[in-house]
Amino acid sequence: MNSKWIELSLSITIFLSGLSGGIGFFTAMGGNPAMVKLSARSFVEYWQQIDNFMGARMPVFGPLLLSSLMISTILLFKEWRSPSFWLMLSACFVAIADIVFTLNVNHPLNRLIQSWDLNNLPANVQQIKMKVIQAFNIRLLLMIGTFVLVVLSVWSRKK
């Protein structure tokens with residue numbers, strides 16, 4: 001395969017995984033710490049809004065990221081003995097773990113929060129808020145981890 005195609009694929013993968021890792025970085029640095037301080041009503045109002053935006057965008061972004069990781073992994077397969085291939089394959093698995101975690105943990109929480117009426121909130125809002133924060137603490141590790149593995153894969157290839 002022409003090395004220009006491999007370089008293009010790796011560049012796209014760095015870019016997309018960097019966007020995802022950036023979401024994780026924002027979550028760690030500001031998103032989760034700010035959510036802890038929100039009142040029940042403010043949290044629900046915020047979450048219902050952000051989930052609408054992310055819910056509309058992630059069905060496009062997630063498959064693009066996963067596709068770029070898979071294509072880069074396939075293109076690096078001819079170098080299967082190199083750390084670069086194994087790091088990219090690991091990044092692909094970490095991204096898949098993030099998707100599986102999101103579908104099984106975050107989506108049910110999102111659906112629950114979307115069902116709430118701001119004028120009649122349940123008594124367990126703070127408990128659910130802490131579950132959301134805990135879930136995103138795990139997801140931010142997966143998102144940043146994917147990015148770090150991609151960067152290490154590309155970096156190890158340059159040696």
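A residue is called buried when its relative accessible area is under 20%, exposed when over 50% and partly exposed in between, with a 1.4 Å probe and protein chains only. The model is predicted: local features need pLDDT of at least 70, side-chain atom pairs count only at pLDDT 80 or more, and totals for chains, interfaces and linings use all residues. Residues are numbered from 1 along each chain as its sequence is written, and side-chain values use heavy atoms, without hydrogens and water.

**View 1. The helices of the protein chain.** The protein chain holds four helices and zero strands, where helices (H or I, at least four residues) and strands (E, at least two) are DSSP runs numbered from the N terminus. The order from the N terminus is α-α-α-α. The C-alpha trace spans about 60 × 25 × 20 Å along its principal axes.

**View 2. Burial and contacts.** Of the 159 residues in the protein chain, 39% are buried. Among contacts (heavy atoms within 4.5 Å) with a separation of 6 or more, 81% join residues 24 or more positions apart.

**View 3. The largest pocket.** A pocket is an open set of points on a 1 Å grid over the protein atoms alone, where a 1.4 Å probe fits, with protein on both sides within 12 Å along at least five of seven lines; lining residues have an atom within 4 Å of a point. The largest pocket encloses about 770 Å³, a volume being the space filled by probe spheres set on the points. Its lining has 32 residues, of which Met54, Met58, Thr102, Phe136 and Arg139 are the closest to the centre. Helices α1 (3-37), α2 (40-76), α3 (83-114) and α4 (125-157) each give two or more residues to this lining, and the largest share, 13 residues, comes from α2.
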